[in-house]
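Me: Got a structure here I'd like to talk through. Can we take it one question at a time?

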Amino acid sequence: MSEFWLISAPGDKENLQALERMNNVTSKSNLSHNTKFTIPDFKVGTLDSLVGLSDELGKLDTFAESLIKRMAQSVVEVMEDSKGKAQENLLANGVDLTSFVTHFEWDMAKYPAKQPLVSVVDTLAKQLAQIETDLKSRTAAYSVLKANLENLEKKSTGNLFTRTLSDIVSKEDFVLDSEYLITLLVIVPKSNYAQWQKTYESLSDMVVPRSTKLIAEDNEGGLFTVTLFRKVIEDFKVKAKENKFIVREFYYDEKEIKREREEMTRLLSDKKQQYGPLLRWLKVNFSEAFIAWIHIKALRVFVESVLRYGLPVNFQAVLLQPHKKSATKRLREVLNSVFRHLDEVAAASILDASVEIPGLQLSNQDYFPYVYFHIDLSLLD
């Protein structure tokens with residue numbers, strides 16, 4: 001499972017023994033894989049300041065998780081045809097996310113533990129805010145480019161009634177620069193090809209004989225040219241419609257067709273030029289945002305442990321990776337039982353509830369006698 005539980009308990013002898021019991025039970029019952037989660041000692045400051053940081057870190061945690069979800073989705077959207085390979089680009093420090101979490105080490109160079117906690121939190125908040133700002137601007141520019149390209153590509157799809165004809169017709173298909181003559185394009189159902197060939201010259205006066213030519217087909221019909229005198233255009237349209245031949249409104253404009261083709265070429269070129277740099281930026285900054293998120297989780301464990309267990313700072317953090325979803329309820333019961341001495345009243349009520357209320361599911365917001373935070377990497381799949 002790509003789900004982790006990050007917990008802590010006091011570091012005294014009794015609770016270290018409780019942690020050992022937890023490890024033994026979860027190992028024998030194959031409930032989870034447990035590893036120590038090392039968090040450095042920080043400058044605590046006052047308990048009042050920790051209460052404020054606890055609230056701020058909760059909001060920053062939510063923001064960071066939302067940001068990395070959006071970045072993961074952006075990677076998927078940018079890669080388009082290679083969506084199946086998107087996970088290969090969602091790494092942290094060059095390793096897969098599970099490996100990074102299970103082998104987490106605090107980055108002292110980036111987030112010095114000797115600084116006041118508020119400064120460390122401020123550094124993380126500013127870093128994530130800048131990544132979000134850049135993400136919005138970079139993906140917005142790419143999205144506009146992609147949308148414009150898709151709109152042009154859509155014009156080249158569909159049936160002969162709706163699609164652009166600029167990539168189908170050529171200058172040689174039309175009589176141009178004539179004061180009297182004009183070439184029309186007519187859509188003819190496939191079942192009516194023979195009828196068209198027999199009748200088009202007689203649909204109106206002044207139709208040029210043998211002037212029709214099939215220049216394109218789709219599943220439903222074909223696109224034919226026909227040349228006639230300008231003065232009979234409207235009459236020809238009416239008669240053609242009566243015979244289920246539809247005149248497509250199109251007038252050959254060489255400059256407009258050239259402009260469309262150049263626009264398509266430019267957009268394709270721009271997209272190709274932006275693709276590589278954008279994907280590289282997403283990979284690098286997804287890694288940075290994810291690393292920051294796990295550091296925020298570590299800070300939350302530290303702050304909540306100090307607030308819960310008091311001073312001096314003395315606690316042990318442990319990372320649990322449940323082996324399967326069906327085992328999480330049993331794992332939770334084991335933890336509540338092992339650590340119920342930390343808060344007898346709360347633990348007893350939790351244990352009683354888990355027994356007396358069938359199907360009860362504990363959310364991340366439930367109270368536990370130990371410090372607990374949840375990391376769910378499946379949200380990035």
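Reply: Sure. First, a term: helices here are DSSP runs of H or I with at least four residues, numbered from the N terminus. Keep in mind that this is a predicted model. With that term in hand, Arg259 and Glu256 both lie in helix α7, three residues apart, about one turn of the helix.

Me: What is the distance between the closest N and O atoms of Arg259 and Glu256?

Reply: A salt bridge needs a Lys or Arg side-chain nitrogen within 4 Å of an Asp or Glu carboxyl oxygen. Arg259 and Glu256 form one, and their closest N and O atoms are apart by 2.9 Å.

Me: Is Glu132, the salt-bridge partner of Arg70, buried or exposed?

Reply: Arg70 and Glu132 come within 3.2 Å at their closest N and O atoms. Arg70 sits in helix α2 and Glu132 in helix α4, so the pair ties together parts 62 residues apart in sequence. Buried means under 20% relative accessible area. Glu132 has 15%, so the word for Glu132 is buried.

Me: How do α2 and α7 run relative to each other, roughly parallel or roughly antiparallel?

Reply: Helices α2 and α7 pack at about 155°, with axes 8 Å apart. Angles over 145 degrees count as roughly antiparallel. So α2 relative to α7 is roughly antiparallel.

Me: Which residues form the nonpolar surface patch with Leu47?

Reply: Leu47 is in helix α2 and is partly exposed, at 44% relative accessible area. The patch has about 340 Å² of accessible area together, and Leu47's partners in it are Val51, Leu307 and Leu311.

Methods
Residues numbered from 1 in each chain as written. Predicted model: local features only at pLDDT ≥ 70, side-chain atom pairs only at ≥ 80, totals over all residues. Heavy atoms only, no water. Patch = residues over 30% accessible without salt bridge, like charges linked within 9 Å, V, L, I, M, F, W, Y side chains within 5 Å. Areas by Shrake-Rupley, 256 points an atom, 1.4 Å probe, with all protein chains shown as cover. Helix = DSSP H or I, 4+ residues; strand = E, 2+ residues; numbered from the N terminus. Buried < 20%, exposed > 50% of the residue type's maximum accessible area, 1.4 Å probe, protein only. Axes fitted to C-alpha atoms, helices over the stretch in contact; angles between N-to-C directions. Parallel < 35°, antiparallel > 145°, perpendicular 65-115°, else oblique.
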